[in-house]
Amino acid sequence: MELNSAENSLYVNAQDAARVRPKEHDIPMTAAEEERQRRKTAWEAQQARQYYEEVVLKKPKVELVQIGDAAQELEEKVPV
């Protein structure tokens with residue numbers, strides 16, 4: 001469609017422009033949001049399980065081990 005003149009007008013209804021669409025935050029709208037929600041749910045379940053094992057089952061908390069240069073650690077442990 002060709003325009004015969006460059007004079008165009010656009011009417012914007014102020015009420016429609018000010019209206020904000022409410023977003024439903026508990027329903028994922030994209031695949032990325034769905035994946036993020038799945039990972040968050042899995043992480044929360046893991047945290048709840050660890051808490052249950054520590055408090056109810058009285059299992060000791062697993063100590064984290066820092067992985068480093070094994071050869072350097074062996075040199076430090078072996079007396080010369």
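How many residues apart are Glu35 and Arg38 in helix H2? They are 3 residues apart, which corresponds to a separation of about one helical turn, and this pair is a good place to begin the tour.

Before selecting anything, note that this is a predicted model, in which local features need pLDDT of at least 70 and side-chain atom pairs count only at pLDDT 80 or more, while totals for chains, interfaces and linings use all residues. Residues are numbered from 1 along each chain as its sequence is written, and side-chain values use heavy atoms, with hydrogens and water left out.

Colour the chain by pLDDT, the predictor's confidence in each residue on a scale from 0 to 100. The protein chain averages 82, and 80% of the residues score at least 70. Among its elements, helix H2 (residues 31-55) has the highest mean pLDDT, 94, whereas helix H3 (residues 70-77) has the lowest, 64. Helices here are DSSP runs of H or I with at least four residues, numbered from the N terminus.

Now select Glu35, Arg38 and Arg39. A salt bridge is counted when a side-chain nitrogen of Lys or Arg lies within 4 Å of a carboxyl oxygen of Asp or Glu, and by this rule the count comes to 4. Glu35 forms one with Arg38, the closest N and O atoms being 2.5 Å apart, and another with Arg39, at 3.1 Å. Glu35 and Arg39 are 4 residues apart in helix H2, so that about one helical turn separates them. For exposure, buried means under 20% relative accessible area, exposed means over 50%, and partly exposed lies in between (1.4 Å probe, protein chains only). On that scale Glu35 is partly exposed at 30%, whereas Arg39 is exposed at 56%.

Move along helix H2 to Arg49 and Glu53, which lie 4 residues apart, about one turn of the helix. Salt bridges that share partners join the earlier trio of Glu35, Arg38 and Arg39 into one network. The side chains of Glu53 and Arg49 meet in a salt bridge of 3.2 Å, N to O, with Glu53 partly exposed at 23% and Arg49 partly exposed at 45%.

Finally, select Tyr51, Tyr52, Val55, Val56 and Leu57, which form a nonpolar surface patch with about 470 Å² of accessible area together. Patch members have over 30% relative accessible area and no salt bridge, with nonpolar side chains (Val, Leu, Ile, Met, Phe, Trp, Tyr) joined within 5 Å and like charges within 9 Å. Val55 is found in helix H2 and is partly exposed, with a relative accessible area of 38%.

Terms used:
Helices (H or I, at least four residues) and strands (E, at least two) are DSSP runs, numbered from the N terminus. Accessible areas come from the Shrake-Rupley method with a 1.4 Å probe; for residues, only the protein chains shown count as cover.
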